[in-house]
Amino acid sequence: MTVARVNAKGARRWLSGHPWIYRTDVVERPLMEAGAVLVHDQRGKPLGWALWSPQSEISLRLLDRDPDASIDQAWWDERIASAIARRTPLEDHTNAFRLIHGEGDGCPSLICDHYDAWLVVQFMSAGLERFREEIVTALRSLVVPDGVLARNDVPLRSKEGLPRETVLLHGDVPREIEVHEYGVRYVAAPWTGQKTGAFLDQRENRHFVGTVARGRALDCFSYHGSFALHLARKATHVTALDSSGPALQRAADNAERNSLTNISFVEANAFDFLREKEREGTTFDTIVLDPPAFAKTRAAVPGALRGYKDINLRAMRLLAPGGLLYTASCSFHLSKPLFLEMLQEAAADSGRRISIRAITGQPIDHPEVLTIPETGYIKGALLEMMD
Ligand code: SAH
């Protein structure tokens with residue numbers, strides 16, 4: 001029995017454009033190890049091929065609606081080639097971008113980021129893990145990288161019954177890679193940095209905010225200085241703040257790499273810092289808030305909203321007349337409407353007139369598919385203080 005049979009609810013998920021079928025909707029489990037499996041509906045009609053993860057809550061991830069497809073080397077070559085083709089416009093602006101955004105590129109649970117001559121991958125399901133060789137072969141022939149590193153140290157892998165590890169899959173990958181994005185240079189740390197070594201998902205927003213920045217600027221949650229470096233090209237002075245000393249050390253190195261001398265670095269808790277500046281009566285002309293995900297689960301949303309509102313309200317109070325606030329959230333569980341509602345409440349409490357200059361989202365290398373909400377998580381807004 002190498003077929004998975006799903007109930008009507010499971011079949012409907014694929015019809016509505018979502019690739020996941022949960023364990024509870026699989027009425028007959030295939031008697032096979034993780035890998036690709038043909039899926040039938042309850043009446044025995046073939047629905048297509050899926051990745052099968054025996055231990056996961058997400059049992060099936062749709063690969064191909066064609067029951068006659070063979071999920072072989074040629075299949076992966078074609079799927080990955082079409083993902084790569086979507087990124088071509090970015091190559092003029094940067095040497096670091098996401099090559100494969102999982103479900104967003106029709107490659108469920110697969111992440112691949114391109115850093116200059118190297119690739120960093122993440123295999124996030126047991127079904128996908130079975131195709132490691134085909135995927136690395138496809139990447140090697142299509143990209144010809146000097147090395148491929150698997151950052152398979154993500155907690156999600158435990159839910160799939162997979163080991164958490166960072167392993168080299170091909171060639172060699174350096175500890176540090178210089179990234180350029182829209183004329184700014186910084187160092188990514190593929191082996192040890194957050195995600196696959198850097199936050200590529202905010203690239204376009206960093207560039208965008210960099211073009212409008214001015215005056216005295218503040219980059220809260222700066223990490224290795226990503227927004228600060230862009231701000232510093234237009235602003236007179238930038239304060240780059242983070243609670244992590246090592247991240248700030250790298251931010252300082254990055255500033256030097258760009259010959260930027262107008263950035264100062266502050267190791268502090270952003271909540272405390274904003275409160276203190278408010279007490280002091282300090283103002284800023286440009287502020288960036290790009291915090292980590294405050295809501296890691298659905299249950300955490302109410303508490304997270306209080307946190308988001310707190311920092312946004314305080315940042316609004318610190319803005320000089322005409323000042324700009326770029327604010328973002330990367331919590332998947334905080335929807336766009338909730339994010340905007342939170343900003344509206346913060347603006348109301350600030351007692352000031354604040355307009356929306358732009359609403360921003362994800363760049364083209366992180367495609368957000370309308371029928372797959374999980375492919376989208378970043379929302380941002382550029383706000384202007386009207387008073
Ligand atoms: N803006 C960055 C990404 C920020 S990631 C970019 O575009 O690359 C979030 C950062 O927030 C991390 O560097 C983390 O160290 C920092 N951080 C987390 N909690 C914090 C807090 N309470 N105060 C200040 N920084 C914090």
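Modeller: Start with a cut-off. A polar contact is a pair of N or O atoms within 3.5 Å. The model here is predicted. Keep both points in mind at the ligand. A nitrogen atom of the ligand is 3.3 Å from an N or O atom in the side chain of Asn269. That pair falls within the limit of 3.5 Å.

Biologist: How far from the ligand is the N or O atom in the side chain of Arg206?

Modeller: The distance is 2.8 Å, and the ligand partner is an oxygen atom. Check the backbone too. Phe221 places a backbone N or O atom 3.2 Å from a nitrogen atom of the ligand. So Arg206 and Phe221 also meet the cut-off of 3.5 Å.

Biologist: How much of the ligand's accessible area does the protein cover?

Modeller: Take the ligand on its own as the reference. Its accessible area is then 590 Å², and the protein covers 88% of it.

Biologist: Which residues of the shell are closest to the ligand?

Modeller: A shell is read as a list of neighbours, then by distance. Here 15 residues surround the ligand. Arg206, Ser226, Asp242, Ala270 and Asp290 are the closest.

Biologist: How does the shell split by class?

Modeller: Sort the residues into nonpolar, polar and charged. The shell around the ligand has eight nonpolar residues, four polar ones and three charged ones.

Biologist: Which helix and which strand each supply at least two residues of that shell?

Modeller: Helix 6, residues 226-231, is one. Strand 15, residues 237-242, is the other.

Biologist: Next, the loop before helix 6. Is His224 buried or exposed?

Modeller: Place the residue, then read its accessibility. His224 sits in the loop between strand 14 (216-220) and helix 6. Its relative accessibility is 1%, so His224 counts as buried. The cut-off for buried is under 20%. Then look for a partner. The side chains of His224 and Arg250 are joined by a polar contact of 3.1 Å.

Biologist: Now the cavities. How many of 30 Å³ or more does the structure hold?

Modeller: There is one cavity of that size. The largest cavity has a volume of about 40 Å³.

Biologist: Which residues line the largest cavity?

Modeller: Read the lining as you read a ligand shell: names, then classes. The names are Arg98, Asp113, Lys195, Thr196, Ala198, Leu200, Asp201 and His366. The classes are four charged, two polar and two nonpolar.

Biologist: Backbone angles next. Which sign of phi do most residues other than glycine have?

Modeller: Most of them have a negative phi, so a positive value draws the eye. Asp116 is a case here. Its phi is positive, about 50°, although Asp116 is not a glycine. This residue lies in the loop between strand 8 (110-115) and strand 9. A relative accessible area of 38% makes Asp116 partly exposed.

Biologist: What is the phi of Ser259, and where does that residue sit?

Modeller: Ser259 has a positive phi near 50°, and it is not glycine. Its place is the loop between helix 7 (245-257) and strand 16 (263-267). With a relative accessible area of 62%, Ser259 is exposed. Exposed means over 50%.

Biologist: How do I compare chain separation with distance in space? What separates the C-alpha atoms of Val121 and Ile111?

Modeller: Count along the chain, then go through space. Val121 and Ile111 are 10 residues apart along the chain, and their C-alpha atoms are separated by 5.4 Å. Val121 belongs to strand 9, residues 118-123. Val121 is buried, with a relative accessible area of 0%.

Biologist: And Pro190: how far is its C-alpha atom from that of Pro174?

Modeller: The gap is 7.7 Å, with the two positions 16 residues apart in chain count. Pro190 lies in the loop between strand 13 and helix 5. Its relative accessible area is 0%, so Pro190 is buried.

Biologist: Ala189 is in that loop too. Is Ala189 buried or exposed?

Modeller: Buried, at a relative accessible area of 7%. The loop runs between strand 13 (184-188) and helix 5 (203-212). The C-alpha atoms of Ala189 and Val143 are separated by 20 Å, and the residues are 46 apart along the chain.

Biologist: One last pair. How far apart are the C-alpha atoms of Phe265 and Arg206?

Modeller: They are separated by 18 Å, for residues 59 apart along the chain. Phe265 is in strand 16. Its relative accessible area is 31%, so Phe265 is partly exposed.

Definitions and conventions:
Residues are numbered from 1 along each chain as its sequence is written. This is a predicted model: local features need pLDDT of at least 70, side-chain atom pairs count only at pLDDT 80 or more; totals for chains, interfaces and linings use all residues. Side-chain values use heavy atoms; hydrogens and water are left out. A residue is near a molecule or strand if one of its heavy atoms lies within 4 Å of it. A polar contact is a pair of N or O atoms within 3.5 Å; within protein, one must be able to donate a hydrogen and the other to accept it, and residues adjacent in sequence count only if both atoms are side-chain atoms. Accessible areas come from the Shrake-Rupley method with a 1.4 Å probe; for residues, only the protein chains shown count as cover. Helices (H or I, at least four residues) and strands (E, at least two) are DSSP runs, numbered from the N terminus. Ala, Val, Leu, Ile, Met, Phe, Trp, Tyr, Cys and Pro count as nonpolar, Asp, Glu, Lys and Arg as charged, and the others, Gly among them, as polar. On a 1 Å grid over the protein atoms alone, a cavity is a set of points where a 1.4 Å probe fits but cannot get out, and a pocket is an open set with protein on both sides within 12 Å along at least five of seven lines; lining residues have an atom within 4 Å of a point. Grid points are joined across faces, edges and corners, and a volume is the space filled by probe spheres set on the points. Buried means under 20% relative accessible area, exposed over 50%, partly exposed in between (1.4 Å probe, protein chains only).
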